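Me: I should like to understand how certain labels are assigned in this structure. Please show the reasoning behind each of them.

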Amino acid sequence: MINKLVETTAKLSTLPSRTTLQKKSQRWVIKIGSSLLTSEDYQLNLVAIRHFVEQILRLRERGIEVVLVSSGSVSVGKGHLGLAGKTLPAEQRQAAASVGQTALMHAYENLLAQEGVHCGQILLTQDNFKDRKRRKKTLSAINMLMKMNMLPILNENDALADSENQFGNNDHLAAVISRLWHGDLMVLLTDQAGLYDADPRIQVDAQMIHEGMAGDPRYEEMAGGSGTAVGTGGMRTKVDAAAYAAVSGSTTVIASGHIPDVLLRLQRGERLGTFLRSKKFDQMWLKVRRTTLQKTTYSLLGVAVKLSNTNSKQHRFYNSSYCYR
Ligand SMILES: Nc1ncnc2c1ncn2[C@@H]1O[C@H](COP(=O)(O)OP(=O)(O)O)[C@@H](O)[C@H]1O
Ligand SMILES: N[C@@H](CCC(=O)OP(=O)(O)O)C(=O)O
């Protein structure tokens, strides 16, 4: 019996590895940056979009629920309007977003429809998260699409957002969605291999951070703004987004969308990009596991005890995809 207890204790007090977390996560929020979706001449990169769509469909076949946050409307719109590379005044940017968003969704829908799947577009601003009622409405829009087997594709409503209600970048939007929808893995796909200790465009010998804790203040120092003509926010907003999503237990991977099959490889547990753990997840994990250990001990002792130290939140966590038994 002692051996059994020692064995169970060891098993239950070890945090799941990065590989396990990537393999077992069931609710993914995937965010794709503008530079991955648009070509150098600000046209849609249909080859890349097809590649992402194919991977997302494969993930769904494996039972993973996916919400896609897609950037690209402004850059594609600029291309369509003959304004490539220009810094636009607010009204023209709104128009570019409106034109580009249509083209973007058209591409996603066409590619998905070839595989018998459809997508649903949800355009959001901060207003959609302002109070409980609006958050509920946003969540139910996502959940209903999911229930109907559609792929929710989200973006900021750049055609109408203003300085009062805009997110300003989709990293933040992805994190807010992760928390609202209880995502367990947020994947931020970008043009760099991951987070480096300095912007690799500026410092050629910058070193990539492979694994760390979301919210580590050192990362804020390392992360700079966008280095591309079409990106918004750079690495700083990704680091902040990871910290925000981590509060509800989501882990984050920042990885290059240029890596072939990056999403499928992450799902197989490959160590690509920067993996940022959630402290909240780890705490919940250990707490729930301690309860399991207590239960095991009691049952080994033949004592039927109703455990009083678990609350409904822990039970929900234990029964959710967060908890890998
Ligand atoms: N510490 C860092 N590590 C990696 N990239 C960084 C860092 N600091 C700044 N960056 C810049 O962030 C850019 C990615 O952000 P961004 O252009 O907003 O991409 P996306 O469109 O994918 O959101 C990189 O091209 C890089 O120049
Ligand atoms: N919502 C904007 C993108 C904002 C944004 O965060 O861009 P990016 O840094 O390329 O992910 C658009 O669709 O153009």
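Reply: In this predicted model, Asp127 and Lys130 form a salt bridge, with their closest N and O atoms 3.7 Å apart.

Me: Why is the contact of Asp127 with Lys130 called a salt bridge?

Reply: The term requires a side-chain nitrogen of Lys or Arg within 4 Å of a carboxyl oxygen of Asp or Glu. The closest N and O atoms of Lys130 and Asp127 are 3.7 Å apart, so the pair meets the cut-off.

Me: What makes Lys130 exposed, and Asp127 partly exposed?

Reply: Exposed means over 50% relative accessible area, and buried means under 20%. Lys130 is at 57% and is therefore exposed. Asp127, at 25%, lies in between, so it is partly exposed.

Me: How do you know that Glu220 and Arg236 form a salt bridge, and where in the chain are they?

Reply: Their N to O distance is 3.5 Å, which is within 4 Å, so the definition is satisfied. This pair links distant parts of the chain: Glu220 belongs to helix α9 (residues 217–222) and Arg236 to helix α10 (residues 234–246), 16 residues apart.

Me: Are Arg277 and Asp282 buried or exposed, and why?

Reply: Buried means under 20%. Arg277 has a relative accessible area of 10%, so it is buried; Asp282 has 9%, so it is buried too. These two residues form a salt bridge, with their closest N and O atoms 3.0 Å apart.

Me: How many salt bridges are found in the whole structure?

Reply: The search finds 15 salt bridges. Lys31, Asp171 and Lys238 are linked in a network of salt bridges.

How values were computed. Residues numbered from 1 in each chain as written. Chains lettered and ligands numbered in written order. Predicted model: local features only at pLDDT ≥ 70, side-chain atom pairs only at ≥ 80, totals over all residues. Heavy atoms only, no water. Buried < 20%, exposed > 50% of the residue type's maximum accessible area, 1.4 Å probe, protein only. Helix = DSSP H or I, 4+ residues; strand = E, 2+ residues; numbered from the N terminus.
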